[in-house]
Amino acid sequence: MTAEFRLDGKVVAITGASSGFGHHFAGVLADAGATVVLGARREEKIADRAAEINDAGGTAMACSLDVCDKESVKAFIDRAFSQFGRLDVLINNAGVEAGAKTYTMIDEDDWDRVIDTNLKSAWVLSKYYTEQVLAHEQGGGNIIMISSITDTRTIKGQFPYAISKGGLTRMTEVLALEAARYNIRVNALAPGYILTDVSRILLESDAAPDFEKGIPMRRFGEFKDLDGPILLLASDASSYMTGSVIAVDGGHICASL
Ligand SMILES: NC(=O)c1ccc[n+]([C@@H]2O[C@H](COP(=O)([O-])OP(=O)(O)OC[C@H]3O[C@@H](n4cnc5c(N)ncnc54)[C@H](OP(=O)(O)O)[C@@H]3O)[C@@H](O)[C@H]2O)c1
């Protein structure tokens, strides 16, 4: 691997690391040399993943996290700094969906849960992370948002998930503008559809084969399709990138969804 893509000496915190992308990213980033801090509510799952990484020769720590609870967010970031002395990269990955519902079908609880988890938490985490980067005189930082191609192109029944992702992409750009003065870069990945608990309701439905045909590359994504892009954003290989949103979707946003 080209040296710029290595993460030796870097500490990376990943929210939503108990399953799906976050669980996968933890291994990819640890393999590239990072010390990884895994956060999620399902403590046993992050503890198991951390143990797997440590057994394989990496360095990982699991730390219980509810991104909708400000005290839990603070404890998560504080733990990374107290254990490792720094936190080079924060990956705001935790996310939920409301099921295949339209705006007439969701209720206020759905709205609050999705918007608070996918959008508000990214601000709360990024704000506290910035404060701690400054307090520890770290000299800079790196925030990665896991948005989605639904930020700009969506289908019926993704309310309010698509709204949260549209906001998250916009937050990436606005934070990039405001955080540059602290030498903190802010970028986003916008994946297409990859089978996890978030996408299962669509990708395992009868409509999935037809939907898949609408992707120019004629397949849904796989976890490994995200490996290069996440390493790019987490590493010094992207040192002049901020405010960028990278679609990883087999060309899906080039077609009508
Ligand atoms: N799969 C796709 O096709 C796709 C495409 C584009 C973007 N994304 C985005 O990718 C991200 C990861 O999702 P995924 O597809 O990997 O689905 P997933 O397997 O369901 O993972 C979601 C993660 O978010 C965590 N989470 C949810 N609420 C949380 C909370 N309050 N506090 C802390 N963690 C919380 C979950 O952990 P706990 O339940 O243990 O807390 C879980 O680890 C999400 O932001 C999703 O929107 C997914």
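Which element gives the most to the shell around the ligand? In this predicted model, the answer is α1, with three residues in that shell. The shell itself takes in 30 residues, and among these Gly16, Gly20, Arg41, Arg42 and Gly95 come nearest to the ligand. Two elements, α1 (20-31) and α4 (108-135), give two or more residues to it. As for chemistry, the shell is made up of 13 nonpolar, 13 polar and four charged residues.

Helix α1 deserves a look of its own. Its 12 residues reach 17 Å from the first C-alpha to the last, close to the 16 Å expected at 1.5 Å a residue. The helix is largely enclosed by the rest of the structure, because nine of its 12 residues are buried. The buried set consists of Phe21, Gly22, His23, His24, Phe25, Ala26, Val28, Leu29 and Ala30. Just after the helix comes glycine 33, with a positive phi of about 110°.

What does α1 meet along the way? Helix α8 (residues 227-234) is one partner: the two axes come within 10 Å and cross at roughly 60°, and the crossing is right-handed. On the α1 side, Phe25, Val28 and Leu29 take part, and they meet Asp227, Ile230, Leu231 and Ala234 in α8. Sorted by type, this contact has six nonpolar residues, one charged and no polar ones. A bit of helix geometry helps in reading that pattern: with 3.6 residues a turn, residues three or four places apart point the same way. Phe25, Val28 and Leu29, which α1 brings to the contact, are also on the list of buried residues in that helix.

Moving on past α8, serine 238 sits in the loop that leads to β7 (245-248). Is this loop residue buried or exposed? Serine 238 has 20 C-beta neighbours inside 10 Å and therefore counts as buried. Its contacts, leaving aside neighbours within four places in sequence, are Asn187, Leu232 and Leu233. There is also a long-range pairing with glutamate 4: the two are 234 residues apart in sequence, yet their C-alpha atoms are 8.6 Å apart in space.

Strand β7 holds valine 245. With 19 C-beta neighbours inside 10 Å, this valine counts as partly exposed, since a buried residue needs 20 or more. Beyond its neighbours within four places in sequence, valine 245 is in contact with Ser147, Thr169, Thr172, Ala188 and Ala190. Methionine 145 is 100 residues away from valine 245 in sequence, but C-alpha to C-alpha the distance is 8.9 Å. In the segment after β7 lies serine 256, which is exposed, with 7 other C-beta atoms within 10 Å. Serine 256 and arginine 153 are separated by 103 residues in sequence and by 8.0 Å between C-alpha atoms.

Strand β5 (141-146) contains glycine 141. This glycine counts as buried, with 23 C-beta neighbours inside 10 Å. Not counting residues up to four places away in sequence, glycine 141 touches Asp88, Tyr129, Val133 and Ile184. Leucine 90, 51 residues off in sequence, has its C-alpha 8.2 Å from that of glycine 141.

That leaves some backbone oddities. Most residues other than glycine have a negative phi, and most peptide bonds are trans. Against that background, the peptide bond joining phenylalanine 159 and proline 160 is cis, with omega at about 5°. Proline 160 belongs to the loop between β5 and α5 (161-179). At asparagine 183, phi is near 60°, a positive value in a residue other than glycine. Asparagine 183 is found in the loop between α5 and β6 (184-191), and it is partly exposed, with 13 other C-beta atoms within 10 Å.

Where does arginine 218 lie? Its place is the loop between α7 (208-213) and α8. Phi of arginine 218 is likewise positive, near 60°. This arginine is exposed, having 10 other C-beta atoms within 10 Å.

Note on methods: Residues numbered from 1 in each chain as written. Predicted model: local features only at pLDDT ≥ 70, side-chain atom pairs only at ≥ 80, totals over all residues. Near = placed C-beta within 6 Å. Helix = DSSP H or I, 4+ residues; strand = E, 2+ residues; numbered from the N terminus. Nonpolar A, V, L, I, M, F, W, Y, C, P; charged D, E, K, R; others polar. Expected span 1.5 Å × (residues − 1). Axes fitted to C-alpha atoms, helices over the stretch in contact; angles between N-to-C directions. Left-handed = near helix turned anticlockwise from the far one by under 90°. Contact = placed C-beta atoms within 7 Å.
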